[in-house]
Every structure is written in C-alpha cells, then in structure tokens.
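Here is a walk through one protein model, told in plain words. Keep the 3D view open and turn it as you read along.

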Amino acid sequence: MVDTDTSPAFFEFFAGGGMARAGLSPEWQCWFANDFDHKKGSIYRQNWGDKELLTADIRGLSLANLPPIRPDLVWASFPCQDLSLAGAGAGLRGDRSGTFWPFWRLVEALVQDGRAPDIVTLENVCGTLTSHEGKDFTAIVSAFAQLGYRVGALVVDAQLFVPQSRPRLFFVGVRRDHDGLATEQASDLWHPTALRRAFDRLGPTLQQSWIWWDLPAPNRRNQRLIDIVEPSPADVDWHSPGETGRLLSMMSDLHRAKIQRAVENGSKIVGGLYRRTRRDENDNPIQRAEVRFDDVAGCLRTPAGGSSRQTLIVVDDGQIRSRLVSGRETARLMGLPDSFELPNRYNETYHLTGDGVAVPVVRH
C-alpha cells in the first residue's frame, strides 16, 4: 500500500467538474476521481489536470481501479434525479440514483481490503428523506452501519454561504472511534423536522449507530444576489422590451405589485423570475411569472431535475430589464471562483453547475 504525504487523501465519486474538490482543496489531496460524463470530465481535466480522473461508468469499476492507498475520506454526490421530488420517484431502485449501490460496493471492497476510509460523505437532495416512505433513507443508514460506521445526516442550505437557496442532505459516516463534532440531540440549524422524522423511522437498532452532527454556525453571508451579476455577459443577451413586457404580463397582481415597489424604490434591485404553472379562478392550469426580491436566487437545477433555466430581472432608475442567468453567474452562485474554467456552451455550463455541490458548503 502506497504511503500518502501529510495531506489527508480523498477519493471523489460522481465528481462532475470537481466542485467537491474545489471545496476540499488545498488542505486535502485528491488521489482518485470518477464520473461517467465525458463533457464534465473534459472540464474536470481543464481545471484539475489529467492525473486523477477516470471517466467511466461506476458500475464497471472494481477495487483494481482505485489507487493502492487508504483514503481518509470518500466523497460521493451521487445522482439525485430518482430521489428528487420533481423526479419519477424510482428512488434507489432507479437507473440513476441507483448507482449508489455500485459505489457502495467499492466502499465495501475498501473495508474488506483493510483500507476503510475514516470518513464517507454522501450528498443528495432532501427528497431522500421521504423517498419510498423513508425506506431509501433507512437503506443508506443501514449500509453505513453494516460496514461498521456510525453515521449522521445534516441538511445544509447553500444560502448560508452564497445567494442561492439550495438545501441539500449530507450523510457523514465515521469509523466508530472517530465521533468528534457530535452532540446529544438534534439542532435547529442542521436538523429540520423532516430529518428528525426520518431518524424516528429508523428503529432502535439503527438509531444506536446514529450521530447528531453539530457543526459550528457559519459567519453571516455578506454576498448579495446583485454582487454576482455580470453587467455584459457573453453567453446570454438581454431580453427586448417586448420580451420583458410579456413576462410582466404573466404576473398576478401580487407580483406586479412587487415590481412596482422595486421601481418606486429608485435604487438598483436584482431579483429572480420564475415561470410556474398555477390554477386560475376556474381551476384551469395557467402559466405565471413570479418574482422574488429577497436577495437570493432559486435553486439551480438542470432540465433533468425538473426545472427551467432561471431569469434575472433588474430594476434600475425606473427601467425594468430581464435575461437568463449567465453561465458565469451560475458558477458564482455555486461558490466557484471566476478562475474556474467553464464549458464553451451555455447549456453545458448550466448542466455542470446545476448538478454540482456548492463549494463553500463542502469547505465548511
């Protein structure tokens, strides 16, 4: 087995563009990364080099594909589509989210080979808490326990760190002699009601393997939505006055009033605009445009995640302008630095960032 240097070593599965790596670097050293998507793999290599990444379907990997070291951490942001509330509900039996199991077989192989990671962290959507009436959540906790890990989960919203509403569920499992940062009971900051209910459904045996993680509260976020906006983005155009007018015409009286208050405010205000299907007074479906001026963007999602691309609306000196959020702006909403290289195509950038994990959440 190869000795690592003094930096703790990690393996990154379902790596995408390496956003977990961006949060862990430079304190942690990546020894192995894997993703099946060749387009994402290209961006990973542009930013991190060609050495660690293996672009291949995880279902075809074995212990022989992994470096001959014991990683201190294994990180996996496995696909969320089958666990998302907007998905088809297949859960861990689905074709995409079901790739959790071949990933877990690799963790099991490491344990059996005497190279059990000290920490295994999983990231996914909060729909995991209730998928299949909580059975998927229980299955994941059980998988940890069967390999001798104590495990706990946290819900962390990226808007604690960046101006994007993005709550995500994190499982953190540790070997039984590594239980720092633990508390005796759930906390209001990291353990919402849905997570506590999922814990209650585990049963007494699995609850004995549970840890209530107690991370320190982050400093107050000082970045606003207006701070991430590009004045002249290269990959999206401002809408024509007619296009902006059509969006405004789709608003209900409530949301038109929000626009009017922003105009009357006089200062520059940036908000997010979203198209929603609502019911009219006759219970017929109707598409509405809704705006939020709370200084936070909605959750970035790829089209496969059940959402359309986001629109920014800028009110400045009485003028109202709108356009799609730019690729660089999506990267900023995920906490990536402007030095991070993005795909040349807008849709590929949106797919890369919308599928990723927020960098400052990983770092915290």
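Leaving out residues up to four places away in sequence, Val-111 touches Ala-116, Leu-147, Tyr-149 and Arg-175. Keep in mind that this is a predicted model. Val-111 itself sits in helix α3, which covers residues 100-112. You can also look from Val-111 over to Arg-70: they are 41 residues apart in sequence, and their C-alpha atoms are 9.4 Å apart in space.

Now follow α3 to its partner. Helix α4 (residues 135-146) packs against α3 at an angle of about 10 degrees, and the two axes are 11 Å apart. How do α3 and α4 run relative to each other, roughly parallel or roughly antiparallel? Angles under 35 degrees count as roughly parallel, and α3 and α4 therefore get that label. On the α3 side, the contact is made by Phe-100, Trp-101 and Trp-104. On the α4 side, Ala-139, Ile-140, Ala-143 and Phe-144 do the job.

Helix α4 has strands to deal with too. It lies across β5 (119-124), β6 and β7 (167-175), and runs at about 20 degrees to β7. Those strands belong to an open sheet of seven, in the order β3-β2-β1-β4-β5-β7-β6, where the pairing is mixed. In general, strands of a sheet pair through backbone hydrogen bonds, either parallel or antiparallel. Which strands sit at the edges of the seven-stranded sheet? They are β3 (53-55) and β6 (149-157), each of which pairs on one side only. On average, neighbouring strands here are turned by 15 degrees against each other, if you ignore direction.

Zoom in on the β3 edge. Strand β2 (residues 29-35) runs parallel to β3, and three bridges join them. Asp-35 is found opposite Thr-55 of β3.

There is a second open sheet to find. This one has four strands in the order β11-β10-β12-β13, with antiparallel pairing. Its edge strands are β11 (285-292) and β13, and each pairs on one side only. Neighbouring strands in this sheet are turned by 30 degrees against each other on average, direction ignored. A helix goes with this sheet as well: α8 (residues 253-265) lies across β10 (269-279), β11, β12 and β13, at about 25 degrees to β11.

Strand β12 is a good place to pause. Five bridges join β12 to β10, and the two run antiparallel. With β13 (residues 319-324), β12 (residues 311-316) makes six bridges, again in the antiparallel sense. Here are some of the facing residues in this sheet:

| Residue | Stands opposite |
|---|---|
| Gly-272 | Leu-312 in β12 |
| Val-315 | Ile-320 in β13 |
| Asp-316 | Gln-319 in β13 |

Together β12 and β13 form a hairpin, with two residues between them. Asp-317 is in the turn and has a positive phi of about 55 degrees. Why is β12 described as largely enclosed by the rest of the structure? Because five of its six residues are buried.

Next, the inside of the protein. The largest nonpolar core has 50 residues, and Val-156, Leu-336, Val-357 and Val-361 touch the most other members. Helix α1 (residues 19-24) gives this core its largest share, four residues. Apart from this core there is another one, of 43 residues, including Phe-78, Leu-106, Leu-129 and Ala-153.

It's worth clicking on Val-156. Beyond its neighbours within four places in sequence, Val-156 is in contact with Phe-161, Arg-166, Pro-167, Arg-168, Phe-170, Trp-190 and Val-361.

Finally, how many disulfides does the structure hold? The count is zero. Take Cys-126, which is in no disulfide: the nearest cysteine sulfur belongs to Cys-299, and that is 9.4 Å away. A disulfide needs the two sulfur atoms within 2.5 Å. Are these two cysteines buried or partly exposed? Cys-126 has 23% relative accessibility, so it counts as partly exposed. Cys-299 has 11%, so it counts as buried. The cut-off behind both labels is 20% relative accessible area, with buried meaning under that value.

Definitions and conventions:
Residues numbered from 1 in each chain as written. Predicted model: local features only at pLDDT ≥ 70, side-chain atom pairs only at ≥ 80, totals over all residues. Heavy atoms only, no water. Pairing = 2+ DSSP bridges. Core = buried A, V, L, I, M, F, W, Y, C linked by side-chain atoms within 4.5 Å. Buried < 20%, exposed > 50% of the residue type's maximum accessible area, 1.4 Å probe, protein only. Contact = heavy atoms within 4.5 Å. Axes fitted to C-alpha atoms, helices over the stretch in contact; angles between N-to-C directions. Parallel < 35°, antiparallel > 145°, perpendicular 65-115°, else oblique.
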